[in-house]
Amino acid sequence: MAKITVILTSARFGGKYMLDLISQADPEAEVLQEVLRKGSDNTNRVGKITGLSVDEVVALSREAPEQLWDRLATAAAQGDRAIYLRAYHYHQPHIAPLWDRVRDQARVVHLIRRNLFDAYCSREVAMKLGKWQVNRGQKLDSGGTIEIPRPALEEFITDRRKQINWARDHFAAGDYHEVFFEDIIRSPGNCLRALAGKIDLPENPVPQHFLSKFDRMRPTSNADLVGNYLDVAVLDKEFF
């Protein structure tokens with residue numbers, strides 16, 4: 001039985017970058033985005049894969065996401081194309097039956113960001129600029145510096161640590177693997193090497209031929225980016 005591969009992660013953790021490179025390494029695969037969140041994603045493609053209408057896909061994602069999962073899992077088992085999708089820790093409540101299905105039936109690649117300060121800064125820059133991604137070669141105003149309220153940063157870090165630890169506990173009994181943002185972001189080759197042995201890519205992809213469609217949004221250091229860096233610098237560290 002072919003398994004769906006779920007890239008389990010959070011926003012600003014590099015999930016879209018990873019899936020972009022997977023789609024290049026395995027062009028025949030069905031590479032989907034946030035299809036398990038309420039309202040779903042890639043609804044036309046999910047409908048084609050599952051035989052559901054777009055309205056049915058959206059309704060199931062809101063009311064019975066485990067049933068939407070069942071349709072996708074059946075398609076994966078019966079089809080000849082690998083299915084990858086991205087899910088965030090918070091897309092459904094942690095007590096949702098969906099997560100038990102994922103644990104028992106999927107290959108889970110848990111994409112973690114060690115430095116959660118970086119993730120918070122990335123989110124704040126994206127919100128300030130009104131863009132969640134930058135295409136390669138796109139010119140973008142840096143937006144200047146940002147100020148970080150320490151209580152908001154501490155809450156963000158606490159929440160993300162809880163979500164990551166929940167996932168580690170919940171999915172550990174399944175086909176579970178961990179990959180870290182800091183290990184994949186350096187180059188396409190590093191990303192594919194980090195995934196080697198964890199997912200079933202075609203043999204011998206040539207990573208030097210791959211180029212992500214996306215650029216990092218903030219090339220400056222945290223110390224240069226954050227106007228009140230001295231107030232929050234103690235939290236600029238790796239948590240995992």
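At 30% relative accessibility, aspartate 100 counts as partly exposed, a label for residues between buried (under 20% relative accessible area) and exposed (over 50%), computed with a 1.4 Å probe on protein chains only. The model that holds this residue is predicted, so that local features need pLDDT of at least 70 and side-chain atom pairs count only at pLDDT 80 or more, while totals for chains, interfaces and linings use all residues. Residues are numbered from 1 along each chain as its sequence is written, and side-chain values use heavy atoms, with hydrogens and water left out.

**Salt bridges around helix H5**

The structure holds 14 salt bridges, each being a side-chain nitrogen of Lys or Arg within 4 Å of a carboxyl oxygen of Asp or Glu. Three of them are set out here.

| Arginine | Aspartate | Closest N to O |
|---|---|---|
| Arginine 101 | Aspartate 70 | 2.9 Å |
| Arginine 103 | Aspartate 100 | 3.4 Å |
| Arginine 103 | Aspartate 104 | 2.9 Å |

Arginine 101 belongs to helix H5 (residues 97-105) and aspartate 70 to helix H4 (residues 65-78), so their salt bridge ties together parts that are 31 residues apart in sequence. Helices here are DSSP runs of H or I with at least four residues, and strands are runs of E with at least two, numbered from the N terminus. Both partners are partly exposed, arginine 101 with a relative accessible area of 25% and aspartate 70 with one of 27%. Aspartate 100 and arginine 103, by contrast, both lie in helix H5, 3 residues apart, which is about one turn of the helix. Arginine 103 is partly exposed at a relative accessible area of 23%, whereas aspartate 104, its other partner, counts as exposed at 53%. Elsewhere, Lys3, Arg107, Asp175 and Asp200 are linked in a network of salt bridges.

**A buried arginine without a salt bridge**

Which side chain of opposite charge is nearest to arginine 160? It is aspartate 159, 5.1 Å away, and arginine 160 is buried yet has no salt bridge; in this count Lys and Arg are positive and Asp and Glu negative, while His and the chain ends are not counted. Arginine 160 has its place in helix H7 (residues 150-171). Apart from neighbours within four places in sequence, arginine 160 is in contact with Ser10, Phe13, Tyr90, Leu116 and Arg123, where contact means heavy atoms within 4.5 Å.

**The sheet and the chain as a whole**

An open sheet is formed by 5 strands in the order E2-E3-E1-E4-E6, with parallel pairing; two strands pair if DSSP finds at least two bridges between them. Its edge strands, E2 (30-31) and E6 (175-180), each pair on one side only. Strand E1 (residues 5-9) and strand E4 (residues 107-112) run parallel and are joined by 4 bridges, and valine 6 stands opposite valine 108 in E4. Helix H1 (residues 15-25) lies across E1, E2, strand E3 (83-88), E4 and E6, and runs at about 180° to E3, the angle being taken, on a scale from 0 to 180 degrees, between the N-to-C directions of axes fitted to C-alpha atoms, for helices over the stretch in contact.

The chain contains 11 helices and 7 strands, and 50% of its 240 residues count as buried. Among contacts between residues at least 6 apart in sequence, 76% join residues at least 24 apart. The chain exposes about 11,700 Å², of which carbon and sulfur atoms supply 47%, by the Shrake-Rupley method with a 1.4 Å probe.
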